[in-house]
There are 2 protein chains.
Amino acid sequence: MTTEIWISQLQENGYRITSARRAVVDTVYGSTHALTPIEVYDKARKKYRALGLVTVYRTLEKLEELHLIQRVHQPIGCQAFISAGIGHQHLLLCQNCGQVEFFDGDDLDSLTKNISRKTGYQIKEHWLQLFGLCVNCK
Amino acid sequence: MTTEIWISQLQENGYRITSARRAVVDTVYGSTHALTPIEVYDKARKKYRALGLVTVYRTLEKLEELHLIQRVHQPIGCQAFISAGIGHQHLLLCQNCGQVEFFDGDDLDSLTKNISRKTGYQIKEHWLQLFGLCVNCK
DNA sequence: ATATTATTGAAAATCGTTTTCAATAAGTAT
DNA sequence: ATACTTATTGAAAACGATTTTCAATAATAT
């Protein structure tokens, strides 16, 4: 059980460990699909019935702040979250089943350098998401 | 004045040309910043006072459907729109002044092929956005 | 154990977006 | 030009997601 990594991250940053937060962490950590606040709420309430939706919002806020989860941008909407993984990673989303995979895209460095030279921009950050069909769905 | 390109696109797709739509098109076409519905509303109302916010939403919907504008995803939110440009292009956003530039990223083909080979995904689409400081702001 | 104070859930408030609807105006036929 | 058909309009209401408020509760330090 490595949800403890997130739990101790919360603790180390001065946040208290509560049943509500454990339920949210247990739900989001290790999910292979991006989850919206409502989805987190529904799933987490199976573990801790008294959980309130407001607390889900507040906990997701903190997890995002600590870079433990990241927002997933999709044509449907941009309210879903998934584990941030370790280091800088890019997302690969299955348009059929919604599964999310990570890949590291260090190959992007040459591209950004090129763009930087061409446009004069000082590039600080980038977002890359690929959409397609996963092995099972294609 | 090339807003007429968008106007005739609307016309050719069976939509009527109205003062409200002209005002929205005039506002969004050629904007160097991504604009939210409210921002479009405020700007467009300087040209056509009777304009309603609902009509802004409905017109943006049609422009997006015709691929004349595209949604811009940002940390703050994903409700802003900007001209779609011609062909597939990627976005470069200035984190300071909000200016948007385009660049074509055909260089991405080798990357997506790589990922496809590694993961088994059949990649259909990709989103790439770069963030940084433009020439004036850095 | 006790005290302190962050955290909680419920309700209300708020914000952005969508739906409903009768009035209006664009395009078409006359 | 005129009349006709029907898409489009703006206002108000409805809606859904998110945020704020607040008194009660529970986690941590003492």
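**Exercise 1. How many helices and how many strands does chain A have?**

Solution. This is a predicted model, in which local features need pLDDT of at least 70, side-chain atom pairs count only at pLDDT 80 or more, and totals for chains, interfaces and linings use all residues. Residues are numbered from 1 along each chain as its sequence is written, while chains are lettered from A and ligands numbered from 1 in the order in which they are written.

Step 1. Fix the terms: helices (H or I, at least four residues) and strands (E, at least two) are DSSP runs, numbered from the N terminus.
Step 2. Count them: chain A has 5 helices and 5 strands.
Step 3. Read their order from the N terminus: α-α-α-α-β-β-β-β-α-β.
Step 4. Add the extent: the C-alpha atoms of chain A fill a box of roughly 55 × 40 × 25 Å along the principal axes.

**Exercise 2. Find where A:Leu91 lies, and decide whether A:Leu91 is buried or exposed.**

Solution.
Step 1. Locate the residue: A:Leu91 belongs to strand β3 (residues 90-94) of chain A.
Step 2. Apply the cut-offs: a residue is buried if 20 or more other C-beta atoms, placed from the backbone, lie within 10 Å of its own, exposed if 12 or fewer, and partly exposed in between.
Step 3. Decide: A:Leu91 is buried because 22 other C-beta atoms lie within 10 Å.
Step 4. List the contacts (C-beta atoms, placed from the backbone, within 7 Å). Neighbours within four places in sequence aside, A:Leu91 touches A:Val72, A:Val100, A:Phe102 and A:Gln129.
Step 5. Set this in the chain: 28% of the 138 residues of chain A count as buried.

**Exercise 3. Describe the surroundings of strand β3 in chain B.**

Solution.
Step 1. Check burial: 5 of the 5 residues of β3(B) (residues 90-94) are buried.
Step 2. Split the faces: B:His90, B:Leu92 and B:Cys94 lie on one side, B:Leu91 and B:Leu93 on the other.
Step 3. Look for pairing, which requires at least two DSSP bridges between two strands. β3(B) runs antiparallel to β4(B) (residues 100-103), joined by 4 bridges. Here B:Leu92 has B:Glu101 as its bridge partner.
Step 4. Inspect the turn: the hairpin of β3(B) and β4(B) has 5 residues between the strands, and B:Gly98 takes a positive phi near 85 degrees.
Step 5. Take the other partner: β5(B) (residues 122-133) pairs with β3(B) in the parallel sense over 4 bridges. B:Leu91 stands opposite B:Gln129 in this pairing.

**Exercise 4. Which residues of α3(B) and α4(B) meet?**

Solution.
Step 1. From α3(B), take B:Pro37, B:Val40, B:Tyr41 and B:Ala44; from α4(B), take B:Leu53, B:Val56, B:Tyr57 and B:Leu60.
Step 2. Sort by class: the contact has 8 nonpolar, no polar and no charged residues. Ala, Val, Leu, Ile, Met, Phe, Trp, Tyr, Cys and Pro count as nonpolar, Asp, Glu, Lys and Arg as charged, and the others, Gly among them, as polar.

**Exercise 5. How many residues of chain A are in contact with chain B?**

Solution.
Step 1. Count: 31 residues of chain A contact 31 residues of chain B.
Step 2. Find the main contributor: β5(A) gives the largest share of the chain A side, 12 residues.
Step 3. Sort the chain A side by class: 14 nonpolar, 11 polar and 6 charged.
Step 4. Join the strands: β5(A) and β5(B) run antiparallel, with 11 bridges. A:Trp127 stands opposite B:Gln129 there.

Terms used:
Two residues are in contact if their C-beta atoms, placed from the backbone, lie within 7 Å.
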